[in-house]
Amino acid sequence: MSSAFELRAPGPRGTPPLLARLVDDAALFPPGNASMPDAVRGHLDARAGEWAGAVGLFLCPASRLAELITELIKVKPVKPVALSLVIDTGLGGVPKAVSIVESRSELLALRMVEMPAPSDVDEVWLERVSEFVPEDVIRVVEPRRGGAEWLDGVRRVIEHGSWPKLRCGGVSKENFPSVDEVADFLSVVSGGGVAFKATAGLHHAVRHTDEDTGFTHHGFLNLLVATARSLSGGDVREALSSTDAVALGEEASGLSDQAAHAVRGVFASYGSCSLDEPIADLEELGLL
């Protein structure tokens, strides 16, 4: 199975190792909900843009694969689009979806398969995932958060060699994990020997409260700094709680390349329905 280091970019010109291939393109997902033509055009433009090195995989639900392929046939990408397939058709739908992607290798390169799982996910369920997903494709499994068994599910995913997924937001307050929950997740993952990816709610670099919804969002820069601290024995909860953008930026930019690689070996990437917002935040903080 691929490792975090294989997924991490080799260091595109101008993109610091801490940020290379950090942001997966989730334009098709809420709250952005881009149309397929807009999402594909936006992704191809971003991959050719100034900060292409910060852009990761294109995320597509399995239920919309046919629509994606139809659009790619129209636009004729110069090389296959690196894809993370998000399973929304049930575990039993994985083989068919993988087969469809592999049959269109001139358009798509399958790098990752992501799927939800019950919080008490067990070895039998995880073995079926291994059976369905090719060995050279990263398996990302999201045990449902809530209840004492959640972290046990995360541990089983890690022991199985898959990557756990951390959901950081959504359409209701209950979708946003607390600082303590994220810190507990990091304590499990940072010593587990595999990477994780995050999704949802990480719209901006720094922790903030959305004026329209009243929801307090985690920041992806907070998460990067917290991951670094989890590896060095620092105060993870303080990093996750901080709203001091300058201090977080200085701490991130002060990481050595070796430390940055180590952080990304744990926090592999996160999905964002906007590529513009994280890039704008990082530019404003002087990190890009």
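User: Which residue in E3 stands opposite Cys60?

Analyst: In this predicted model, Cys60 stands opposite Leu85 in E3. The two strands concerned, E2 and E3 (residues 81-86), run parallel and are joined by 4 bridges.

User: What makes E2 and E3 a pair of strands?

Analyst: Pairing requires at least two bridges between two strands. E2 and E3 are joined by 4 bridges, so the requirement is met.

User: How do you know that E1 and E2 pair, and in which sense?

Analyst: Strand E1 (residues 23-25) and E2 share 2 bridges in the parallel sense. At least two are needed, so E1 and E2 count as paired. Within this pairing, Asp25 has Phe58 in E2 as its bridge partner.

User: Which helices belong to the β-α-β units that contain E2?

Analyst: Helix H2 (residues 36-47) forms a right-handed β-α-β unit with E1 and E2. Helix H3 (residues 65-75) forms a right-handed β-α-β unit with E2 and E3.

User: What makes these units right-handed?

Analyst: The term applies if, with the strands pointing away from the viewer, the path from the first strand over the helix to the second runs clockwise. The unit of E1, H2 and E2 is right-handed, and the unit of E2, H3 and E3 is right-handed as well.

User: Why is Leu57 called buried?

Analyst: Leu57 has a relative accessible area of 6%. The cut-off for buried is under 20%, so Leu57 counts as buried. Leu57 is found in strand E2, and 7 of the 7 residues of E2 (residues 55-61) are buried. Leu57 and Leu110 are 53 residues apart in sequence, with 9.4 Å between their C-alpha atoms.

User: Why is Arg229 called buried or exposed?

Analyst: The relative accessibility of Arg229 is 13%. Buried means under 20%, so Arg229 is classed as buried. Arg229 has its place in helix H8 (residues 220-232). Leaving out residues up to four places away in sequence, Arg229 touches Gly234, Asp235, Val236, Glu238, Ala239 and Glu251.

User: Why does Leu248 count as buried?

Analyst: Leu248 has 3% relative accessibility, and the limit is under 20%, so Leu248 counts as buried. Leu248 is found in helix H10 (residues 245-253). Its contacts, apart from neighbours within four places in sequence, are Val206, Leu221, Asn222, Val225, Ala239 and Ser242. The C-alpha atoms of Leu248 and Val225 are separated by 6.9 Å, although these residues are 23 residues apart along the chain.

User: Which residues touch the most other members of the largest nonpolar core?

Analyst: Phe196, Leu221 and Leu223 do so, in a core of 60 residues. A second, separate core has 36 residues, including Cys60, Val129, Phe132 and Val137. In general, nonpolar side chains of soluble globular proteins tend to be buried together.

User: What is Leu221 in contact with?

Analyst: Beyond neighbours within four places in sequence, the contacts of Leu221 are Ala205, Val206, Leu248, Gly249, Ala252, Leu285 and Leu287.

User: How many helices and strands does the protein have, and why is the protein called as compact as a globular protein of its length?

Analyst: The secondary structure comes to 12 helices and 10 strands. The radius of gyration is 18 Å, close to the 19 Å given by the globule rule for 288 residues, so the protein is as compact as a globular protein of that length. Of the 288 residues, 53% count as buried.

Key
Residues are numbered from 1 along each chain as its sequence is written. This is a predicted model: local features need pLDDT of at least 70, side-chain atom pairs count only at pLDDT 80 or more; totals for chains, interfaces and linings use all residues. Side-chain values use heavy atoms; hydrogens and water are left out. Buried means under 20% relative accessible area, exposed over 50%, partly exposed in between (1.4 Å probe, protein chains only). Contact means heavy atoms within 4.5 Å. A nonpolar core is a set of buried Ala, Val, Leu, Ile, Met, Phe, Trp, Tyr and Cys residues joined through side-chain atoms within 4.5 Å. The radius of gyration is taken over C-alpha atoms; the globule rule is 2.2 Å times the number of residues to the power 0.38.
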